[in-house]
Amino acid sequence: MDEHQEHLYRVLDETLPVIYAALVGYYRFTETETEAFQDTLCIWFHRVTRRAGARNASRAELREQILFVACKYARAFQIARLQGAPVEDD
């Protein structure tokens with residue numbers, strides 16, 4: 001693993017506990033929903049970081065991106081649940 005990949009994994013590892021706390025505490029995700037969401041978020045993060053522009057992004061910028069996407073998705077999920085829309089549960 002090169003230095004850039006290690007940098008990315010550190011950002012992700014440092015940010016996941018914050019995301020977990022928000023999903024469970026604020027958005028009221030279940031453990032199953034939280035695990036599934038974090039798995040999907042990790043896949044998304046790895047795809048985004050492979051793009052050329054991500055190579056120049058700072059830790060703060062990467063952390064901001066992942067937190068923004070996590071909260072945006074969680075809010076949409078929460079609204080759908082409150083409106084009674086079917087929500088996938090793996």
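Which residues does F45 touch, not counting those up to four places away in sequence? In this predicted model, F45 touches L8, V11, L12, L62 and I66 once residues up to four places away in sequence are set aside. F45 is also listed, together with I19, L23, F29 and F37, among the residues with the most contacts inside the largest nonpolar core, a set of 18 residues.

**The core and its helices**

Helix 1, helix 2 and helix 3 each supply at least two residues of this largest core, and helix 1 gives the most, with 6 residues. Q38, which is found in helix 2, has a relative accessibility of 15% and therefore counts as buried, the cut-off being under 20%. When its neighbours within four places in sequence are left aside, Q38 is in contact with L16, I19, Y20 and L23, and two of these partners, I19 and L23, are named among the residues with the most contacts inside the core.

**Helix 2 against helix 3**

Two packed helices are described by the angle between their axes and the distance between the axes. For helix 2 and helix 3, the axes come within 11 Å and cross at roughly 140°, which makes helix 2 oblique to helix 3. The crossing in which helix 2 passes helix 3 is right-handed. On the side of helix 2, the contact is made by E33, F37, L41, W44, F45, V48 and T49, while helix 3 contributes L62, Q65, I66, V69, A70, Y73, F77 and R81. F45 thus belongs to the helix 2 side of this contact, and L62 and I66, both touched by F45, belong to the helix 3 side.

**Salt bridges**

The structure holds 3 salt bridges, which are set out below with the distance from N to O.

| Arginine | Glutamate | N to O distance |
|---|---|---|
| R59 | E14 | 2.6 Å |
| R63 | E14 | 3.1 Å |
| R81 | E33 | 3.5 Å |

In the salt bridge between R59 and E14 the closest N and O atoms are 2.6 Å apart. Because R59 lies in helix 3 (residues 59-82) and E14 in helix 1 (residues 3-26), this pair ties together parts that are 45 residues apart in sequence. The side chains of R63 and E14 meet in a salt bridge as well, and this pair links distant parts of the chain, with R63 in helix 3 and E14 in helix 1, 49 residues apart. E14, R59 and R63 are accordingly linked in a network of salt bridges. With regard to accessibility, R59 counts as partly exposed at 27%, R63 likewise counts as partly exposed at 27%, and E14 is partly exposed with a relative accessible area of 39%.

The salt bridge formed by R81 with E33 has its closest N and O atoms 3.5 Å apart. Since R81 lies in helix 3 and E33 in helix 2 (residues 31-49), the pair ties together parts that are 48 residues apart in sequence. R81 counts as partly exposed at 32% relative accessibility, whereas E33, at 14% relative accessibility, counts as buried. Both residues also appear in the contact between the two helices, E33 on the side of helix 2 and R81 on the side of helix 3.

Conventions
Residues are numbered from 1 along each chain as its sequence is written. This is a predicted model: local features need pLDDT of at least 70, side-chain atom pairs count only at pLDDT 80 or more; totals for chains, interfaces and linings use all residues. Side-chain values use heavy atoms; hydrogens and water are left out. A salt bridge is a side-chain nitrogen of Lys or Arg within 4 Å of a carboxyl oxygen of Asp or Glu. Helices (H or I, at least four residues) and strands (E, at least two) are DSSP runs, numbered from the N terminus. Buried means under 20% relative accessible area, exposed over 50%, partly exposed in between (1.4 Å probe, protein chains only). Contact means heavy atoms within 4.5 Å. A nonpolar core is a set of buried Ala, Val, Leu, Ile, Met, Phe, Trp, Tyr and Cys residues joined through side-chain atoms within 4.5 Å. Axes are lines fitted to C-alpha atoms, for helices over the stretch in contact, and angles run from 0 to 180 degrees between N-to-C directions. Angles under 35 degrees count as roughly parallel, over 145 as roughly antiparallel, 65 to 115 as roughly perpendicular and the rest as oblique. A crossing is left-handed if the near helix is turned anticlockwise from the far one by less than a right angle, and right-handed if clockwise.
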